[in-house]
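This report describes how one helix packs, how two strands are connected, and which residues form a nonpolar core.

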Amino acid sequence: DTVRYPLYHGMGPASWKSFRDTMIASAPGEGLWTPGSQRKYVEVWYEAEAMTGQFIEYVAKPYRMTLRPFRGDYTISPKWDAAQDIRRMAGAGREVTICYFGDDDLKGKQIPRSAVKDVRRWAGAHDFEFVHGGLSTEQSEKLKLPENPDRPGQHQWEALSDVQARKIIMETIEANVDVPALTAEIEIADRKRARWLKRAEMALVELGDED
């Protein structure tokens with residue numbers, strides 16, 4: 001359902017004030033990762049698009065990290081884009097880490113292996129660390145997850161409770177990110193954005209209220 005969205009047209013603001021308010025509300029955030037002070041650049045990749053809600057809540061919102069949902073086997077165009085982003089970040093002197101999450105089954109292991117092979121090749125000399133955050137067989141057994149009824153001995157991410165999924169995600173993030181340093185930088189970025197929004201709002205107000 002995440003791709004079943006309406007394509008609205010003709011529904012925009014009808015007055016200068018509402019147009020101005022919309023511009024302020026939709027203003028982009030301040031750049032965090034470039035140049036920034038973080039030594040590492042971390043992205044989160046995951047197997048199924050249905051996992052997006054969890055990663056937005058536990059990764060994107062608090063830590064402003066790029067998410068790449070694979071929706072199964074990752075195709076050529078998004079793999080190329082990922083490689084170029086890695087080249088850009090590594091070329092700026094950052095250590096790049098990719099944290100991956102998916103099912104504990106044969107396909108769940110093949111999907112990231114195939115993607116990483118191509119992304120490494122296209123990233124050229126700009127290498128990156130690949131971290132498999134879960135779901136591992138060890139994690140599945142420790143949590144006593146039910147097996148996939150169609151594939152004995154294999155486990156799916158959807159078998160995790162939200163609490164279990166969050167624990168796996170956060171353990172991986174905290175092991176690969178200087179969370180206090182990143183949180184401090186996010187606070188600085190938010191204050192800078194607030195100043196920019198105030199200046200933008202003052203400039204737009206000075207233009208008057210005529211439609």
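In helix H1 (residues 16-25), Trp16, Arg20 and Ile24 are buried, that is, under 20% relative accessible area with a 1.4 Å probe and protein chains only. These residues lie on the same side of H1 because they cover an arc of only 75° around the axis, taken from the directions from the helix axis to the C-beta atoms. Helix H7 (179-206) is included in what covers the buried residues of H1.

The model is predicted: local features need pLDDT of at least 70, side-chain atom pairs count only at pLDDT 80 or more, and totals for chains, interfaces and linings use all residues. Residues are numbered from 1 along each chain as its sequence is written, and side-chain values use heavy atoms, without hydrogens and water.

The elements of the β-α-β unit, which is right-handed, are listed here; helices (H or I, at least four residues) and strands (E, at least two) are DSSP runs, numbered from the N terminus.

| Element | Residues |
|---|---|
| Strand S1 | 40-46 |
| Helix H2 | 52-63 |
| Strand S2 | 66-69 |

Right-handed means that, with the strands pointing away from the viewer, the path from the first strand over the helix to the second runs clockwise. S1 and S2 run parallel and are joined by 4 bridges. Trp45 stands opposite Arg68 in S2.

The largest nonpolar core (buried Ala, Val, Leu, Ile, Met, Phe, Trp, Tyr and Cys residues joined through side-chain atoms within 4.5 Å) has 47 residues. Val44, Trp45 and Phe55 are among those with the most contacts inside this core. H4 (106-123) gives the most to the core, with 6 residues.

Conventions
Buried means under 20% relative accessible area, exposed over 50%, partly exposed in between (1.4 Å probe, protein chains only). Contact means heavy atoms within 4.5 Å. Two strands pair if DSSP finds at least two bridges between them.
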